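Thank you all for coming; I would like to walk you through one structure today, slowly enough that anyone who has not seen it before can follow along. Please have a look at the sequence and the model as they come up.

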Amino acid sequence: SSAASDVYKRQLVIVKMILIPVGVAAVVSHFLTPTETTILTLIACMPAMSAIPMMAENYHSDAKFASKTCFVMTLCSVFTIPLVFFLLELLGVHIG
């Protein structure tokens with residue numbers, strides 16, 4: 001149903017756009033330089049690639065859901081990318 005789908009989209013955005021990038025930065029900051037950590041964190045912050053809905057259509061999956069989720073992630077990235085770097089600063093993760 002639509003309500004369950006909306007909740008799932010929110011969970012995807014939170015995990016993909018916030019938790020994974022923070023986790024990536026927290027781990028790689030122990031092994032890489034601050035500049036390399038920043039680059040990997042930015043890559044992890046990026047929204048899902050726009051080819052995913054086309055791939056879903058090609059493989060007879062839920063292309064409409066994939067398209068909506070990709071759109072929501074792209075819009076949310078305007079807010080989540082700065083939020084991730086703010087959280088990393090609060091957590092004391094050294095980034096360049």
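Before I begin, one term: a residue is called exposed when its relative accessible area is over 50%, and buried when that area is under 20%, with partly exposed in between. By that cut-off Leu 90 is exposed, because its relative accessibility is 60%, and the residue belongs to helix 4, which covers residues 63-91.

I should say at once that this is a predicted model, so let me turn to how confident the predictor was. Over the chain the mean pLDDT is 88, and 99% of the residues reach at least 70. Confidence is lowest in helix 1, residues 2-28, where the mean is 85, and highest in helix 2, where the mean is 93.

Now for the overall picture. The chain has 4 helices and 0 strands, so that, reading from the N terminus, the order of elements is simply α-α-α-α. Along the principal axes, the C-alpha atoms occupy a box of roughly 40 × 25 × 20 Å. Of the 96 residues in the chain, 28% are buried, and the chain exposes about 6,300 Å², with carbon and sulfur atoms supplying 72% of that area. If we take the contacts in the chain with a separation of 6 or more, 69% of them are made by residues 24 or more positions apart. As for charge, there are 5 positive and 5 negative charges in the chain, and their mean positions lie 11 Å apart.

Let me now go through the helices by way of a few residues. In helix 2, which spans residues 34-45, we find Thr 37. Which residues does Thr 37 touch, once those up to four places away in sequence are set aside? The partners of Thr 37 are Ala 25, Val 28, Ser 29, Leu 32, His 94 and Ile 95, and Thr 37 counts as buried because its relative accessible area is 0%.

Moving on to helix 3, I would like to compare two of its residues. Ala 56 sits in helix 3 and is buried, with a relative accessible area of 11%, whereas Asn 58, which is found in helix 3 as well, is exposed at 52% relative accessibility. Beyond its neighbours within four places in sequence, Ala 56 is in contact with Ser 61, Asp 62, Ala 63 and Ala 66. Ala 56 and Cys 45 are 11 residues apart along the chain, and their C-alpha atoms are separated by 22 Å. For Asn 58, the distance I noted is to Phe 79, which is 21 residues away in sequence and 31 Å away in space, C-alpha to C-alpha.

Between helix 3, residues 51-58, and helix 4 there is a loop, and His 60 lies in it. This residue deserves a moment for its backbone, since most residues other than glycine have a negative phi. The phi of His 60, however, is positive, near 55°, and His 60 is exposed, with a relative accessible area of 74%.

That brings us back to helix 4, where Ser 77 is found. Is Ser 77 buried or exposed? Ser 77 counts as buried, because its relative accessibility is 11%, and, leaving aside neighbours within four places in sequence, its contacts are Met 17, Pro 47 and Pro 82. Elsewhere, the C-alpha atoms of Leu 90 and Cys 76 are separated by 21 Å, with their positions 14 residues apart along the chain.

Finally, the cysteines. How many disulfides does the structure hold? There are 0 disulfides, and the distances explain why in the two cases I looked at. A disulfide is a covalent bond between the sulfur atoms of two cysteines, and a pair counts here when those sulfur atoms are within 2.5 Å. For Cys 45, the closest cysteine sulfur is that of Cys 76, and it is 13 Å away, too far for a bond. For Cys 76, the closest cysteine sulfur is in Cys 70, at 12 Å, which is again too far for a bond. The surroundings of these two cysteines can be set side by side as well: Cys 45 is buried, with a relative accessible area of 0%, while Cys 76 counts as partly exposed at 25% relative accessibility.

Key: Residues are numbered from 1 along each chain as its sequence is written. This is a predicted model: local features need pLDDT of at least 70, side-chain atom pairs count only at pLDDT 80 or more; totals for chains, interfaces and linings use all residues. Side-chain values use heavy atoms; hydrogens and water are left out. Buried means under 20% relative accessible area, exposed over 50%, partly exposed in between (1.4 Å probe, protein chains only). Helices (H or I, at least four residues) and strands (E, at least two) are DSSP runs, numbered from the N terminus. Contact means heavy atoms within 4.5 Å. Accessible areas come from the Shrake-Rupley method with a 1.4 Å probe; for residues, only the protein chains shown count as cover. Lys and Arg count as positive and Asp and Glu as negative; His and the chain ends are not counted. The place of a charge is taken as NZ of Lys, CZ of Arg, CG of Asp or CD of Glu. pLDDT is the predictor's confidence in each residue, from 0 to 100.
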